[in-house]
Amino acid sequence: MNKLRFIGITGGIGAGKSELLQYIKRHYRCEIYLADEVAHQLQEPGGKCFEALKMLLGQGIVGEDGQIDKGIMAERIFQDQEILAQVNDIVHPAVREYLLERLARAKEDPALELFFVEAALLVEAGYKELVDEMWYIHADRDVRVDRLRGSRGYHRERIEHIMKRQLSEEAFREACDFIIDNSGSLEDSYRQIDKKLEAFTWQE
């Protein structure tokens with residue numbers, strides 16, 4: 001069993017987590033999991049959360065294609081905080097179990113050195129107690145707003161609503177062991193990553 005380094009990556013919406021993870025995936029011996037993608041996978045028919053969510057939210061949550069209708073589910077969650085808590089109680093433990101299974105498998109692979117999990121809610125979901133390190137991807141608020149308006153077409157009201165629901169800058173910094181400032185160029189952020197990971201194998 002190898003000494004795999006388990007790293008959580010978090011940060012607010014628009015901070016650029018995905019771009020930095022793509023760089024890490026290209027240049028380091030690692031596995032990377034996005035918690036949101038894992039959650040979506042587990043909510044598909046046959047997935048661990050599908051039947052429990054259908055029982056909680058009713059048969060009408062399933063669309064004609066047999067999949068959970070994410071739009072209807074989002075509307076139900078938005079209207080009822082109790083329903084949101086119940087959905088989280090189904091999805092979050094299942095995601096954690098899935099990731100820990102993958103981590104155990106990765107530890108058996110001598111070719112791997114790093115194991116990353118990314119989510120905006122890693123701190124709130126209790127991953128601090130599981131990871132070896134928690135990284136915070138920071139970007140200035142105006143930079144994040146510009147990115148979200150440009151890349152996703154979000155209007156400012158929607159951006160402000162999402163940001164208010166996420167941890168504050170101070171809370172992120174207090175919870176994390178390492179901070180990458182992704183307010184400037186990607187090249188500058190890549191240099192910060194390479195310096196942090198200089199003890200690990202870098203690949204062309």
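This report describes three helix pairs and five individual residues in a predicted model.

## Helix pairs

The table lists the packing geometry of the three pairs.

| Helix pair | Angle | Axis separation |
|---|---|---|
| α1 (residues 17–27) and α9 (residues 186–196) | about 50° | 11 Å |
| α6 (residues 141–152) and α7 (residues 156–165) | about 125° | 10 Å |
| α4 (residues 70–79) and α5 (residues 81–106) | about 120° | 5 Å |

Helices α1 and α9 pack at about 50°; they are therefore oblique to each other, since this angle is neither under 35 degrees nor within 65 to 115. Their crossing is right-handed. On the α1 side the contact is made by Glu19, Leu20, Tyr23, Ile24 and Arg26, and on the α9 side by Leu186, Ser189, Tyr190, Ile193 and Asp194. In composition, the residues of this contact comprise six nonpolar, one polar and three charged.

Helices α6 and α7 pack at about 125° with axes 10 Å apart, and they are therefore also classed as oblique to each other. The crossing of α6 and α7 is right-handed. Helix α6 contributes Arg141, Arg144, Val145, Leu148 and Arg149, which meet Arg156, Ile159, Glu160 and Met163 of α7. The residues of this contact divide into four nonpolar and five charged, with no polar residue.

Helices α4 and α5 have axes 5 Å apart and an angle of about 120°; α4 and α5 are therefore oblique to each other, as the angle lies outside 65 to 115 and is not over 145. Here Arg76, Ile77 and Gln79 of α4 meet Gln81, Ile83, Leu84 and Val87 of α5. Four nonpolar residues, two polar residues and one charged residue make up the contact of α4 with α5.

## Polar residues with side-chain contacts

Histidine 27 belongs to helix α1. With a relative accessible area of 13%, histidine 27 is buried, because buried means under 20%. The side chain of histidine 27 reaches the backbone oxygen of glutamine 203 at 2.7 Å. Beyond residues up to four places away in sequence, histidine 27 touches Thr201, Trp202, Gln203 and Glu204. Glutamine 203 thus appears both as the partner of the side chain of histidine 27 and among the residues that histidine 27 touches.

Glutamate 133 is placed in strand β4 (residues 133–138). Its relative accessible area is 12%, and glutamate 133 is therefore buried. The side chain of glutamate 133 makes a polar contact of 3.0 Å with the side chain of arginine 5. When residues up to four places away in sequence are not counted, glutamate 133 touches Arg5, Phe6, Ile7, Gly8, Asp177 and Lys196.

## Leucine 122

Leucine 122 is located in the loop between β3 (114–118) and β4. Its relative accessibility is 1%, so leucine 122 counts as buried. Apart from neighbours within four places in sequence, leucine 122 is in contact with Gly8, Ile9, Thr10, Val117, Tyr127, Lys128 and Met134. Gly8 is also among the residues touched by glutamate 133. Between leucine 122 and methionine 55, which are 67 residues apart in sequence, the C-alpha to C-alpha distance is 27 Å.

## Phenylalanine 50 and glycine 66

Phenylalanine 50 and glycine 66 are in contact with each other. Phenylalanine 50 is found in helix α3, whereas glycine 66 lies in the loop between α3 (50–57) and α4. Phenylalanine 50 counts as buried because its relative accessibility is 6%. Glycine 66, by contrast, has a relative accessible area of 26% and is partly exposed, because this value lies between 20% and 50%.

Leaving aside neighbours within four places in sequence, phenylalanine 50 is in contact with Leu42, Gln43, Glu44, Pro45, Val62, Gly66 and Ile68. On the same basis, glycine 66 is in contact with Pro45 and Phe50. Pro45 accordingly appears in the contacts of phenylalanine 50 and in those of glycine 66.

Two C-alpha separations relate these residues to later parts of the chain. Phenylalanine 50 and aspartate 181, 131 residues apart along the chain, are separated by 38 Å. Glycine 66 and aspartate 194, 128 residues apart along the chain, are separated by 44 Å. Aspartate 194 is also one of the α9 residues in the contact with α1.

Methods. Residues are numbered from 1 along each chain as its sequence is written. This is a predicted model: local features need pLDDT of at least 70, side-chain atom pairs count only at pLDDT 80 or more; totals for chains, interfaces and linings use all residues. Side-chain values use heavy atoms; hydrogens and water are left out. Helices (H or I, at least four residues) and strands (E, at least two) are DSSP runs, numbered from the N terminus. Buried means under 20% relative accessible area, exposed over 50%, partly exposed in between (1.4 Å probe, protein chains only). A polar contact is a pair of N or O atoms within 3.5 Å; within protein, one must be able to donate a hydrogen and the other to accept it, and residues adjacent in sequence count only if both atoms are side-chain atoms. Contact means heavy atoms within 4.5 Å. Axes are lines fitted to C-alpha atoms, for helices over the stretch in contact, and angles run from 0 to 180 degrees between N-to-C directions. A crossing is left-handed if the near helix is turned anticlockwise from the far one by less than a right angle, and right-handed if clockwise. Ala, Val, Leu, Ile, Met, Phe, Trp, Tyr, Cys and Pro count as nonpolar, Asp, Glu, Lys and Arg as charged, and the others, Gly among them, as polar.
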